[in-house]
Amino acid sequence: MELMKTEVLKINPTHPEASIIEYAAALIQQGEVVVFPTETVYGLGADAFQPVALERIFAAKGRPFSDPLIVHIAGEDALGLLTASIPERARRLAQAFWPGPLTLILPRGSRVPRLVTAGLDTVAVRMPRHPVAQALIRATGSPIAAPSANRFMHVSPTMAQHAFADLDGRVPLILDGGPSEVGVESTVLDLCSEVPRILRPGGVSLEALRSVLPEVQPPVLRTPEQVNEAEAQVAPGQMLIHYAPVIPLLLFDGGLEAMRNAMLDELRRRRSSGERVGVLIADEDVPVFEDSEAAIRTLGSANDPRQIATALFAGLRALESAGVDVILCRSFDEHGLGLAIRDRLLKAAGGKVVPCEIP
Ligand code: TXA
Ligand code: MG
């Protein structure tokens, strides 16, 4: 695509300046794309009802048209425009979790452009809680379709700098509202299947969803064995290496001691053959790796999945730019947000999960 000048504007994340919101909204109304902060990750937004603008999203990201977009709304009244019908359970979930990091898959309204839904008869809708996202949607006066603001296949951006690194020259404007609060993308919940099922674990946990709808089914996460088979089943958005960092990542999976030992062994082996190694670990692991001459990136306490989620994508990007040849990463518990963390790490690892057992 033809490159342009990318403007980056700082915006107050809690009390967004009206003049900046109006400027960004005017760009979107004119059919342009704008990068904006949400509570999960940064989005690359365009007017959901302007097909030419939607095409710009795919061009800027280098994303295939087969991958459908999430439509962001500021009020439930917009659901009428976007959907063919609104199931009662959608109302209950919206009541409990909107605005927030939950995306609902609903029957598609006939006026929703095909570019949004990749030809499916369903549409993904979410009401973000970030004040900048809300203000931008309101000022635009139309729902905003937005994928994460990264180049296709790269890690989602949790800071404006990440979006700039991926999209400089490809978008006219990036609104910088500081680091994302949640750090992993929204939970995508399918309400068009017979039983509601999580398609992508994210910012709203399975446990929280079940407190409102006990029948919600967990996502089908691949086991390490399946991941290792690296059989990319190319359904929309389900590509195995969707979140792959540029540098190979080995995910160590197993009990804490076994995992640490296996990581240290691998680290020593790689160091002795002259490779530069990065390790992605929790605060509690630091003493184990401190003298190892690896590039260390800690994500916070392993007991605090919120902290880990917030720091995860920035950690991956930091090790990428540290110039290491390989990233060794520990795994985390699957409770609450841990499920989304595990899903993203499995995807980042692609075919490279190392099961660890005490010998
Ligand atoms: O937190 C988020 O959801 C962020 C922020 C910007 O809101 N957005 C985001 O969008 O992660 P994206 O495009 O990177 O991921 C959207 C996911 C994809 O996995 C896509 O396949 C899925 O939602 N999706 C969208 N429409 C769908 C549909 N009709 N049926 C099933 N999956 C759908
Ligand atoms: Mg994405």
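## Exercises on a predicted model

Alanine 118 sits in the loop between helix 5 (114-117) and strand 6. Keep in mind as you work that this is a predicted model.

**Exercise 1. Find what is unusual about the backbone at alanine 118.**

Step one: look up the phi angle of alanine 118, which is near 55°. Step two: check the sign and the residue type; the value is positive, and the residue is not a glycine. Step three: set that against the usual pattern. Most residues other than glycine have a negative phi.

**Exercise 2. Work out which kind of peptide bond, cis or trans, joins tryptophan 98 and proline 99.**

Start with the place: proline 99 belongs to the loop between helix 4 (88-97) and strand 5 (102-107). Next, read omega for the bond from tryptophan 98 to proline 99, which is about -5°. That bond is cis. For context, most peptide bonds are trans.

**Exercise 3. Describe the surroundings of ligand 1, going from single atoms to the whole shell.**

Begin with who is around: there are 24 residues, and Thr40, His72, Ser148, Ser186 and Arg200 come nearest.

Now pick out some polar side-chain atoms and their distances to an oxygen atom of ligand 1:

- histidine 72: 2.6 Å
- arginine 63: 3.0 Å
- aspartate 67: 3.2 Å

Then ask how covered the ligand is. On its own, ligand 1 exposes 680 Å², and the protein buries 95% of that.

Which elements give two or more residues to the shell? They are strand 4 (70-72), strand 6 (122-126) and strand 10 (197-200). Strand 6 gives the most, with 3 residues. You met strand 6 in the opening exercise, at one end of the loop that holds alanine 118.

Finally, sort the shell by class: 12 residues are nonpolar, 7 are polar and 5 are charged.

**Exercise 4. Describe how domain 1 and domain 2 meet.**

First, get the bounds: domain 1 covers 7-226, and domain 2 covers 249-356. Second, take the spacing; their C-alpha centres lie 28 Å apart. Third, count the contacts: 28 residues of domain 1 touch 18 residues of domain 2, taking contact as heavy atoms within 4.5 Å.

Last comes the area. The size of an interface is often given as the accessible area lost when the parts come together. Here the two domains bury about 1800 Å² between them. Of that area, 62% is on carbon and sulfur atoms.

How values were computed. Residues are numbered from 1 along each chain as its sequence is written. Chains are lettered from A and ligands numbered from 1 in the order in which they are written. This is a predicted model: local features need pLDDT of at least 70, side-chain atom pairs count only at pLDDT 80 or more; totals for chains, interfaces and linings use all residues. Side-chain values use heavy atoms; hydrogens and water are left out. A residue is near a molecule or strand if one of its heavy atoms lies within 4 Å of it. A polar contact is a pair of N or O atoms within 3.5 Å; within protein, one must be able to donate a hydrogen and the other to accept it, and residues adjacent in sequence count only if both atoms are side-chain atoms. Accessible areas come from the Shrake-Rupley method with a 1.4 Å probe; for residues, only the protein chains shown count as cover. Helices (H or I, at least four residues) and strands (E, at least two) are DSSP runs, numbered from the N terminus. Ala, Val, Leu, Ile, Met, Phe, Trp, Tyr, Cys and Pro count as nonpolar, Asp, Glu, Lys and Arg as charged, and the others, Gly among them, as polar. Domain bounds come from an automatic or database domain assignment. Buried area is the accessible area (1.4 Å probe) that two parts lose on being put together, summed over both.
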